[in-house]
Amino acid sequence: MKKTKLKIAIASAALVAAVATGTALAANGSSAGSGSQSGSTSGAEQTRTEQAKQKTPSVIKADGSNVFPHSLDFDARSNTFFAGSLKRGTVSAISPDGKVRTLIDDPEMVSAQAVLVDRERDRILVSNVDYGTADRSKKNAPFRVAGVGSYDLESGKQDWCVDLTAVTLDGKQHLISDVTVAPDGTAYAVDELTPTVFRIDRKGRASVFLQNDLLKGTLDIPDFLNDVGMSAVEWVEGNQLIIAMADGSLVRVPVKHPEKAQEVKLSAPLGSPTAGMRLLKDGSIAAVSSGLLAGKPAQIQRVEPRDGWKKATVKVTDTVEDPVTSDVTAGPDGTTYALSGGLADLLAGKPNDGFSLTPVKTD
């Protein structure tokens with residue numbers, strides 16, 4: 001039976017736990033201005049220094065015990081992070097001081113993986129998956145749940161929750177690893193276990209948008225998993241989807257002509273397995289790639305498009321010591337944070353007392 005990249009990733013992470021001894025802070029400090037010969041500074045200089053220190057982001061230690069998030073997103077208007085729970089199937093709201101409260105608790109949600117804030121429509125989109133490790137899992141039939149739910153951003157009330165296995169009716173295992181939304185409100189969800197992209201309209205009506213061999217999984221994890229496929233997706237300017245494959249490649253899909261999908265020519269492949277992406281304000285993408293298989297820190301990479309995303313330049317901008325880091329998102333005041341959800345404990349059946357968000361550089 002196939003297993004999923006997450007379950008394998010967690011198992012591998014347990015083997016390299018000794019490597020993951022902490023999270024790495026982004027190098028963001030700057031030296032203070034020179035003072036007088038006695039080392040003192042003027043009142044104005046001291047004020048500027050104190051303000052700079054206040055704006056320096058630090059690691060956020062979230063107090064949500066046994067949440068085990070895989071993905072998250074940030075809402076600038078409310079200054080709140082939102083993260084799913086693979087264990088409970090819930091979605092939590094996290095304040096910058098690390099306080100956690102449950103916002104969405106829908107019985108239809110087995111494990112909440114991808115989380116996307118759609119502020120234009122005041123909703124949160126969440127992918128529904130089943131690794132067989134959640135409180136609501138069918139232990140003897142994992143990966144038979146695949147869907148996307150829409151929830152009110154303020155109340156957490158369900159708008160709709162669509163079953164994507166009912167769209168394909170192929171009897172295969174599925175895992176909806178990520179979801180993105182276009183300006184018109186159409187959502188696109190990617191399946192990690194089949195080369196299928198789904199389209200979901202604003203009312204929750206779903207259809208197959210694309211099935212293409214370019215999207216077949218090619219990453220093999222020895223003794224664990226073969227053919228790991230799509231891991232993340234972003235809608236970008238030019239009405240295109242940029243899909244990250246776990247093997248470190250990217251695929252460009254023109255929304256009006258999905259049959260013209262093609263691989264993006266990268267200056268260097270992304271680190272593998274690629275786990276999550278964030279669209280930056282200048283149109284570039286920040287991606288996080290796990291180093292767990294080699295026991296190395298996760299990499300943060302900047303992907304700068306050229307020629308309408310037919311080509312792109314890739315460079316590493318930061319690292320996070322925890323190799324199980326699985327997503328990257330915006331944060332307060334233009335920052336970017338990487339998520340380490342404590343997933344090794346989930347597979348091992350151990351409780352944990354929270355998770356961490358680490359500020360990272362993207363340029």
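A residue counts as buried when its relative accessible area is under 20%, as exposed when that area is over 50%, and as partly exposed in between. Both Tyr-188 and Phe-209 are buried by this measure. The model they belong to is predicted.

Stay with aromatic rings for a moment. A pair of such rings is described by the distance of the centres and the angle of the planes. The count of aromatic pairs here comes to four. In one of them, the rings of Phe-74 and Phe-81 have centres 4.8 Å apart and planes at 50°, so this pair is tilted. Phe-74 and Phe-81 are both buried. Together with Tyr-337, they form one aromatic cluster.

Now return to Tyr-188 and Phe-209. Their ring centres lie 5.1 Å apart, and their planes meet at 65°. Planes over 60 degrees apart count as edge-to-face, so the pair takes that label. Tyr-188 sits in strand 11 (residues 187-191). Phe-209 sits in strand 13 (residues 206-211). The contact therefore ties together parts that are 21 residues apart in sequence.

Next come the strands. Strands of a sheet pair through backbone hydrogen bonds, either parallel or antiparallel. Take strand 8 (residues 147-152), which is mostly covered. Five of its six residues are buried. Strand 8 has partners in strand 7 and strand 9. Strand 7 (residues 123-129) runs antiparallel to strand 8, and six bridges join the two. Within this pairing, Asn-128 has Gly-147 of strand 8 as its bridge partner. Strand 9 (residues 158-163) is also antiparallel to strand 8, through five bridges. Here Ser-150 stands opposite Trp-160 of strand 9. Strand 8 and strand 9 make a hairpin with five residues between the strands. Gly-156, in this hairpin, takes a positive phi near 80°.

Another group of strands forms an open sheet. Its four strands follow the order 16-17-18-19, with antiparallel pairing. Which strands lie at the edges of this sheet? They are strand 16 and strand 19 (262-263), each of which pairs on one side only. Strand 17 (residues 240-245) and strand 18 (residues 250-254) run antiparallel and are joined by five bridges. Across that pairing, Leu-241 stands opposite Val-253 of strand 18.

Strand 16 leads on to the largest pocket. It gives the most to the lining, with six residues. The pocket holds about 1200 Å³ of space. Its lining has 49 residues. Closest to the centre are Asp-73, Leu-116, Val-117, Glu-234 and Leu-279. Several strands each supply at least two lining residues. Among them are strand 2 (72-75), strand 6 (111-118) and strand 10 (176-181). Strand 16 (230-236), strand 21 (274-279) and strand 25 (327-330) do so too. What is the make-up of the lining? It divides into 24 nonpolar, 11 polar and 14 charged residues.

Charged side chains also pair with one another. Side chains of opposite charge can pair when their charged atoms come close. The structure holds 11 salt bridges. Asp-201 forms one with Arg-205, and the closest N and O atoms are 2.6 Å apart. Asp-201 has 22% relative accessibility, so it counts as partly exposed. Arg-205 has a relative accessible area of 52%, so it is exposed.

Arg-302 takes part in two salt bridges, one with Asp-282 and one with Glu-304. In the bridge with Asp-282, the closest N and O atoms are 2.3 Å apart. Arg-302 lies in strand 23 (residues 298-306), while Asp-282 lies in the loop between strand 21 and strand 22 (285-289). That salt bridge therefore ties together parts that are 20 residues apart in sequence. In the bridge with Glu-304, the closest N and O atoms are 2.8 Å apart. Is Arg-302 buried or exposed? With a relative accessible area of 8%, Arg-302 is buried. Glu-304, at 30%, is partly exposed.

One further set of charged residues deserves a look. Asp-75, Arg-119, Asp-122 and Glu-154 are linked in a network of salt bridges.

Key. Residues are numbered from 1 along each chain as its sequence is written. This is a predicted model: local features need pLDDT of at least 70, side-chain atom pairs count only at pLDDT 80 or more; totals for chains, interfaces and linings use all residues. Side-chain values use heavy atoms; hydrogens and water are left out. On a 1 Å grid over the protein atoms alone, a cavity is a set of points where a 1.4 Å probe fits but cannot get out, and a pocket is an open set with protein on both sides within 12 Å along at least five of seven lines; lining residues have an atom within 4 Å of a point. Grid points are joined across faces, edges and corners, and a volume is the space filled by probe spheres set on the points. Ala, Val, Leu, Ile, Met, Phe, Trp, Tyr, Cys and Pro count as nonpolar, Asp, Glu, Lys and Arg as charged, and the others, Gly among them, as polar. Buried means under 20% relative accessible area, exposed over 50%, partly exposed in between (1.4 Å probe, protein chains only). Two strands pair if DSSP finds at least two bridges between them. A salt bridge is a side-chain nitrogen of Lys or Arg within 4 Å of a carboxyl oxygen of Asp or Glu. Rings of Phe, Tyr and Trp (its six-membered ring) pair if their centres lie within 6.5 Å; planes under 30 degrees apart count as stacked, over 60 as edge-to-face and the rest as tilted.
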